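Here's a short set of exercises to work through with the model open in your viewer. Try each task before you read its solution.

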Amino acid sequence: MRQHSSGFIIGLVVALVLGFGIVAVVALGFQSASGLGYEPAVYQVPKTGPDSATLNIATFPDSQVCHPGAPNPQIGWVTYCSGTNNEHGTTWELPANSTITVIIKQYDSATGLYNGFFQTVQGTLGGTATYTGKTNSGTYNGPKSQVPMDDIAHTFTIQSEPDDTTSPIFVSVPLIGVPDDASSNTNVLGNDGNQYQYPAPNVIEFQFKTGPAGHTYVWHCYVPCGNDRETPYGFSGPMSTTGYMAGTITVTNY
Amino acid sequence: MSEPNIEGNAGNTVPPREPNHLLRAIILWVVLSVILIAIWVPVSQFILPTAATSLAVADSFTFSMLTIISIPVAMFVFVFIGYSLFSFRVRGRPTEDGVPLLPRPALQISWIGITSILCLFLVIWGLFAFYQETSAASTTNTLIVNVTAQQWQWTFSYPQYSATSQGAQLIELPVNRPVEFYVTSLDVLHGFAIEEFGIRVDANPGRTTNTAVVTPTQIGTYAVRCVELCGLLHSFMWESVKVVSVDSFNSWIQSQGGHL
Amino acid sequence: MSSTASTTATEVRRPNLINMLFPSVVSGIVFGVIGAAIFGVVINKITTAYSPDMVPNDDAVTVSVYLGWLLFFFIGIGAFNGIFKWGFGRHEPTFAEEMELAGKGQGLWRYFRWTTDHKVVGMQYLFTVLIMFFLGSMGAFMIRLEQSRPGAIFFDPSTYNTIVGMHGMLMIATTIIMVSGPFGNFILPIMIGARDMAFPRLNALSYWLLFTAIPIFLSTVFLGGFPTGWTGYAPLSVQELTPGMDAYCFLILVFATSTTVAAMNIVTTVLVMRTKGMTWGRLPIFVWGVVLSVILSLTAFPSFIVSQIMVVMDRVFNTSFFLAASGGSNWLYEHLFWFMGHPEVYVIALPALAVAAEVTTVFTRKPLFGYRFMLSGLIGIAVLSVIVWGHHLYTSGSENALAAPYMLDTELISIPTGVFFLCMVGTFWRGKVWATVPLLFVCGLLVNFVIGGITGIYLADLPTDEILHGGMFVTAHFHFTIVGSMVFGFFAGFYYWFPKMVGKRLDPLLGRLHFWLFEIGFVGTFGALFYAGLQGEPRWSANVAPPFATANTIASLFAILIAASVFVAAYNVILTLVRGEPAAADEWGAKTLEWTVPTPVPLENFEGELPVVTSLPYDYGSPTPERPTPAVDISGAMTQAPIQPQGQE
């Protein structure tokens with residue numbers, strides 16, 4: 001085959017095109033294999049004014065409301081979801097240079113916090129968050145800058161991407177847990193149209209400011225609440241999966 | 001150019017003078033090595049990381065020395081193989097065999113000798129460079145920083161000041177004061193690394209390990225990164241380390257709730 | 001099982017379709033799937049019944065699905081038929097039955113059955129290796145795609161971690177078997193003058209174990225993936241709730257068993273089945289490389305198997321080998337893993353280096369420059385590699401006192417490596433250099449191995465490891481050695497032996513294109529990553545931080561060339577298979593025994609008597625009269641070998 005015909009060259013070009021096509025197909029395949037972890041659709045948090053927005057989040061002890069139809073074991077995982085009707089996920093877009101009001105309805109009971117660092121409210125306006133509701137140790141009604149470790153069910157913690165020294169955000173708010181003996185008498189409408197029962201939620205509200213557009217942040221929970229609280233199990237499952245207790249925030253102009 | 005024919009070559013009267021391939025290759029080797037070393041010396045500062053402690057300076061200097069020694073080693077292979085490919089190449093299937101060279105015992109022994117000496121030199125140099133810098137013991141002046149690694153955040157506390165760094169992914173250190181990091185993990189293996197300080201140690205669950213005692217000598221901003229895969233947000237674990245003047249540090253540690 | 005094979009006709013007769021399909025890989029897969037389903041359902045019911053929350057133990061179900069797949073696949077492919085026919089049946093297999101098992105008269109279909117002929121197993125390994133390389137390369141291109149820009153943009157970080165782990169494990173598995181599998185099986189027995197391997201049925205077993213392991217590993221995509229990368233560090237490997245990690249553990253258990261079986265087969269074959277006159281001092285260097293490599297793997301892989309059994313026990317039965325909170329230690333895993341992990345890279349290296357040496361003598365028409373000298377280098381590498389694993393734990397916080405001894409013996413490996421280089425350079429020097437595609441790959445190997453080896457010194461040295469451990473510098477170093485050197489060695493062997501194995505000539509133009517695209521793309525990609533590592537970029541970065549962005553973008557651009565080279569090579573193989581020109585039996589003028597047999601190689605390799613060997617196959621340039629064939633005497637009579645001064649070195 002010393003002389004190479006034009007058919008040979010065409011075949012070579014076809015092989016290259018086909019090959020890169022296979023690469024593209026494989027990439028799409030991995031992106032859509034949801035079992036590997038998925039990025040929920042982006043929820044553009046609604047603005048309430050020229051430089052403010054309100055983000056509603058709910059944390060549930062299982063994923064019946066937010067991910068109905070999820071298989072085992074995911075259906076039993078703690079989940080965060082957002083939107084006034086729990087219809088959105090954990091990936092958000094926030095407006096730049098704005099004050100964001102976050103209202104979290106917390107339906108889960110308390111678990112142990114391993115790292116005392118996270119019992120203080122950090123990065124919010126005023127350094128406090130407003131807590132309303134009942135825990136094992138009593139009633140909350142007002143702003144606090146720190147919460148006892150035993151009352152904490154989850155945290156909501158936003159951290160910056162590496163090397164973001166121009167516009168870092170660090171917000172960490174402990175979320176108080178409902179009492180262990182609370183009865184499940186509150187109805188919540190799931191995304192599949194069914195009603196699910198949970199205890200009356202504790203409400204935590206706070207505010208923080210975003211910086212300029214073009215930055216991405218990640219958020220997740222720092223209280224171990226995965227299967228079996230013993231380390232390292234407590235940090236697994238939902239805590240290690242986006243769409244459940246971890247997500248992404250992008251700051252843009254809108 | 002002709003090869004000394006093994007089977008005898010009737011017909012040629014005097015074969016043309018054979019160039020001394022070995023000499024040519026050696027000259028090429030020496031020249032290329034010298035040129036590349038001469039290039040490495042000024043260029044290395046752009047390739048090596050910033051060194052903010054004397055340990056990091058020793059690490060970078062060792063890297064540089066290793067490179068300078070390696071250049072002739074690499075050139076030996078590149079030059080001799082390249083020379084062979086160019087000078088001894090035949091087009092198409094060879095019709096005769098090459099010169100059946102075999103190493104004499106003297107070559108084998110001296111080769112092993114030279115490579116052993118080189119290797120031992122590197123080992124001894126490396127051990128000295130490392131132990132000189134890392135055997136500095138903690139003094140009473142050493143700043144102790146406790147580091148807790150968790151999926152996926154570093155948290156820091158300064159036990160000597162009863163302070164915990166709060167509120168942002170930033171810690172500060174005073175310049176020209178020795179510092180030692182004690183590292184542990186709450187869940188899985190993490191790797192605590194500050195590239196510019198030349199320190200690196202794993203954060204193991206259930207036990208505390210410590211880095212070497214190092215003294216930051218340059219004011220600036222550096223980074224802690226996680227170098228042991230720890231799950232989903234491994235590449236998002238990050239803390240900014242600012243080395244500042246002693247006064248700045250004192251006011252910062254007080255703002256973190258510390259008592260001087 | 002079968003009526004006796006067809007007579008001389010080569011067409012498959014319709015009534016024999018059932019005999020062809022059962023047993024074969026088709027029946028194996030069908031049975032395997034059924035068995036997996038049965039085991040899965042049964043264990044699901046049992047663990048649900050015994051669990052307090054009425055929830056099945058996913059890890060137990062997953063592991064039992066794999067066990068069911070394995071057991072029933074081997075039933076379906078007829079692996080156990082021999083036991084019943086000849087073990088319990090109390091009669092030895094007849095020659096006709098052995099020949100049938102070796103694929104006589106079955107045409108191409110023998111490649112899809114439990115066939116014992118070492119040449120069939122070698123071809124099965126070759127095509128499986130090529131497919132595994134292709135899949136692993138896809139993973140690599142996904143990684144470079146993700147790392148081309150900062151931020152986790154193309155893939156969610158957990159998807160990325162799974163891709164990194166799959167790429168790593170697939171490539172490690174492939175590189176372990178890439179030379180010993182295809183060429184160690186097909187070529188090695190012919191090269192030592194044997195008719196088959198010592199244990200032909202175990203040979204089939206080793207291949208089909210590899211085959212069954214692949215779907216097990218790929219199933220991780222549907223089980224949530226695994227977050228640990230190819231090293232599978234505990235306790236992260238114990239932590240995950242999705243069962244994808246079990247796919248990794250089970251892959252290793254099956255794969256390591258496959259390589260252990262193959263290793264024992266190769267060692268026994270070379271020990272007892274060398275032909276008359278082939279003393280240890282006349283063994284081609286390729287055979288030495290493979291033998292040393294498999295002995296090393298027999299030493300190292302049991303540790304790997306043990307570590308994965310312990311991980312599976314921690315996951316399924318809640319033991320705590322590696323959980324500090326219950327008294328275990330992650331350092332135990334690290335030591336068990338790296339006790340395997342370091343010799344394992346030399347298991348990869350030794351055959352590839354030996355192939356390079358073998359190929360070089362042919363294309364420079366020169367004896368190996370110091371056969372015994374090079375051999376001492378390879379043996380030195382093999383022996384030293386067992387005692388250096390601690391250098392992976394320099395920064396683990398353990399064994400601070402042992403760091404210095406590990407540093408010493410790790411750097412000592414550079415001495416036998418240097419011996420290898422001297423012998424290679426000496427073999428090139430003043431040879432008749434015929435720059436064929438295999439020789440080009442050998443040159444690429446030498447260039448890349450120098451860089452890989454030298455950067456290994458940086459990592460072995462304690463002060464420099466302090467700024468390099470766990471960063472992309474490590475990644476670039478091991479890619480320069482494993483990919484730039486060992487995979488190049490594989491391709492040298494591939495282009496060299498393909499004409500003998502398949503009987504057709506690969507297109508040299510495409511071969512050169514493959515080489516140059518690969519080499520330029522490879523050096524560009526990993527050169528940029530050396531720089532990124534020096535700046536402090538950690539490994540396994542789904543999110544590439546901004547300081548490292550430029551280096552990573554450059555690396556990804558060069559990786560496009562590597563991708564193109566893969567497709568060029570695939571095109572070459574397919575084109576050659578479809579309409580390549582036939583190759584000569586003595587394609588290159590080499591002197592080892594495999595080139596004395598016709599192409600395609602007959603079922604029993606040598607027609608008539610086995611050859612008698614009288615010297616090393618490297619006596620090029622010998623002053624004795626020119627011999628057109630290798631240094632063998634195939635007349636069957638014992639000849640007094642003339643004393644050859646060169647042959648004894």
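**Exercise 1. Work out how α6(C) and α7(C) are arranged.**

Start with the handedness: α6(C) passes α7(C) in a left-handed crossing, meaning the near helix is turned anticlockwise from the far one by less than a right angle (clockwise would be right-handed). Helices here are DSSP runs of H or I with at least four residues, strands are runs of E with at least two, and both are numbered from the N terminus.

Next, the geometry. α6(C) and α7(C), the latter spanning residues 157-177, pack at an angle of about 150 degrees with their axes 8 Å apart. Axes are lines fitted to C-alpha atoms, for helices over the stretch in contact, and angles run from 0 to 180 degrees between N-to-C directions. Angles under 35 degrees count as roughly parallel, over 145 as roughly antiparallel, 65 to 115 as roughly perpendicular and the rest as oblique, so α6(C) and α7(C) come out roughly antiparallel.

Finally, who touches whom? Among the residues making the contact are Tyr125(C), Val129(C) and Met132(C) of α6(C), and Tyr160(C), Ile163(C) and Val164(C) of α7(C). Being in contact takes C-beta atoms, placed from the backbone, within 7 Å. By class, the contact has 16 nonpolar, four polar and one charged residues. Ala, Val, Leu, Ile, Met, Phe, Trp, Tyr, Cys and Pro count as nonpolar, Asp, Glu, Lys and Arg as charged, and the others, Gly among them, as polar.

A note on the ground rules: this is a predicted model, where local features need pLDDT of at least 70 and side-chain atom pairs count only at pLDDT 80 or more, while totals for chains, interfaces and linings use all residues. Residues are numbered from 1 along each chain as its sequence is written, and chains are lettered from A and ligands numbered from 1 in the order in which they are written.

**Exercise 2. Decide whether α8(C) is enclosed or not.**

First, the cut-offs: a residue is buried if 20 or more other C-beta atoms (placed from the backbone) lie within 10 Å of its own, exposed if 12 or fewer, and partly exposed in between. Ten of the ten residues of α8(C), residues 182-191, are buried, so this helix is largely enclosed by the rest of the structure. The cover includes α6, α9, α11, α12, α13 and α19 of chain C. After the helix comes Gly193(C), with a positive phi near 80 degrees.

**Exercise 3. Describe how chains B and C meet.**

Count residues first: chain C puts in 77 and chain B 72. On the chain C side, α16(C) (residues 414-428) gives the most, with nine residues. That side has 42 nonpolar, 26 polar and nine charged residues. Then look for strands: β1(B) and β1(C) pair in the parallel sense over two bridges, where pairing needs at least two DSSP bridges. Arg89(B) stands opposite Val433(C).

**Exercise 4. Track down the unusual backbone angles.**

The baseline is that most residues other than glycine have a negative phi, and most peptide bonds are trans.

- Gln151(B) to Trp152(B) is a cis peptide bond, omega near 5 degrees.
- Ala234(C) to Pro235(C) is also cis, with omega near 0 degrees.
- Asp163(A) has phi near 65 degrees; with 18 C-beta neighbours inside 10 Å, Asp163(A) is partly exposed.
- Arg365(C) has phi near 50 degrees; with 24 such neighbours inside 10 Å, Arg365(C) is buried.

Notes. Contact = placed C-beta atoms within 7 Å.
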